[in-house]
Amino acid sequence: MKRYIYGLFFFFIFMSLSAQRYSSSLENYEAYKAFRGKPLSDKFSNIESVKVIYDLRKQKMYYFNSTVIPLHYDFATNYLNYNYDLEIFNNENYSNTQKNRDFLLGNLNHIKGTDKWIFELAASDHMPIELIERFFSLVKKSTFIGENLKFYLNNPEQMEWFRLE
């Protein structure tokens, strides 16, 4: 009987998470699985990914279902009332300054079958170091991953910063 009740409990949690389009946190791996989809790049196999947006103005985090909502831009326009076109979105939200940014954009990747968790920005993102550190910290605090989270250096600017430290 106990097993049946536990089974029902987890079933309802899974169903409610899978019906959701986004969450402000990821409490456990089951929550992560409800939002997982394909990573930014297909160059790595065995990777699952959840898209992440931090709204700078509202100071709110969003983890969203990348299978249902494939692009950060789609989420911003459909759920966060962003009203500009894709070109403006890309120019402002992948820039090297916070000045015109509305959002911090990233992906939370997991290597299947391991405890390896990687936070990644788009290679085209020129986010300043201070914002990367802030975003990374917010992701660590709002997920179950904590200190196991690593940052993936995937653009020449970020690799140069690392060499300079």
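**A walk through the sheet, starting at β5**

Let's begin inside the fold, at strand β5 (residues 117-120), where both faces are covered: Trp117 and Phe119 on one side are buried, and so are Ile118 and Glu120 on the other. In a regular strand, side chains alternate between the two faces of the sheet. Please keep in mind that you are looking at a predicted model.

What flanks this strand? On one side, strand β4 (residues 103-111) runs antiparallel to β5 and is joined to it by four bridges. Here Leu108 is the residue standing opposite Phe119. The β4-β5 hairpin has five residues between its strands, and Gly113 in this hairpin takes a positive phi near 80°. Then there is strand β6 (residues 149-152), which runs parallel to β5 and is likewise linked with it by four bridges. Phe119 has Phe151 as its bridge partner in β6, while Trp117 stands opposite Leu149. As a general point, strands of a sheet pair through backbone hydrogen bonds, in either a parallel or an antiparallel way. Helix α5 (residues 129-141) combines with β5 and β6 in a right-handed β-α-β unit.

Now step back to the whole chain. It contains six helices and six strands, and from start to end they follow the pattern α-β-α-β-β-α-α-β-β-α-β-α. Of the 165 residues, 42% are buried. Among contacts with a separation of 6 or more, 57% come from residues 24 or more positions apart. As for the surface, the chain exposes about 9,900 Å², of which carbon and sulfur atoms supply 54%.

How are the strands ordered? They form an open sheet of six strands in the order β1-β3-β2-β4-β5-β6, with mixed pairing. Its edge strands are β1 (22-23) and β6, each of which pairs on one side only. Helix α3 (residues 72-79) packs on this sheet, touching β1, β2 (47-55), β3 and β4, and its direction makes about 45° with that of β2. α5 packs on the sheet as well, with β2, β3, β4, β5 and β6 as the strands it touches; the angle between its direction and that of β6 is about 150°.

The next stop is the nonpolar interior. The largest nonpolar core has 24 residues, and those touching the most other members are Tyr63, Leu108, Phe135, Val139 and Leu149. Two or more residues of this core come from each of α2 (29-35), β2, β3, β4, β5 and α5. The element giving the most is α5, with five residues. Take Phe135 as an example: leaving aside neighbours within four places in sequence, it is in contact with Val52, Tyr54, Met61, Leu104, Leu105, Gly106, Phe119, Leu121 and Met127. There is also a second, separate core of 14 residues, and its members include Ile53, Ile69, Tyr73 and Leu105.

Finally, let's visit Lys60, a residue of strand β3 (residues 60-64). Is Lys60 buried, partly exposed or exposed? Its relative accessibility is 43%, and because partly exposed covers values between 20% and 50%, Lys60 counts as partly exposed. Not counting residues up to four places away in sequence, Lys60 touches Ile53, Tyr54 and Asp55. Ser25 lies 35 residues from Lys60 along the chain, and the C-alpha atoms of these two residues are separated by 10.0 Å.

How values were computed. Residues numbered from 1 in each chain as written. Predicted model: local features only at pLDDT ≥ 70, side-chain atom pairs only at ≥ 80, totals over all residues. Heavy atoms only, no water. Buried < 20%, exposed > 50% of the residue type's maximum accessible area, 1.4 Å probe, protein only. Contact = heavy atoms within 4.5 Å. Pairing = 2+ DSSP bridges. Right-handed = clockwise from strand over helix to strand, strands pointing away. Areas by Shrake-Rupley, 256 points an atom, 1.4 Å probe, with all protein chains shown as cover. Axes fitted to C-alpha atoms, helices over the stretch in contact; angles between N-to-C directions. Core = buried A, V, L, I, M, F, W, Y, C linked by side-chain atoms within 4.5 Å.
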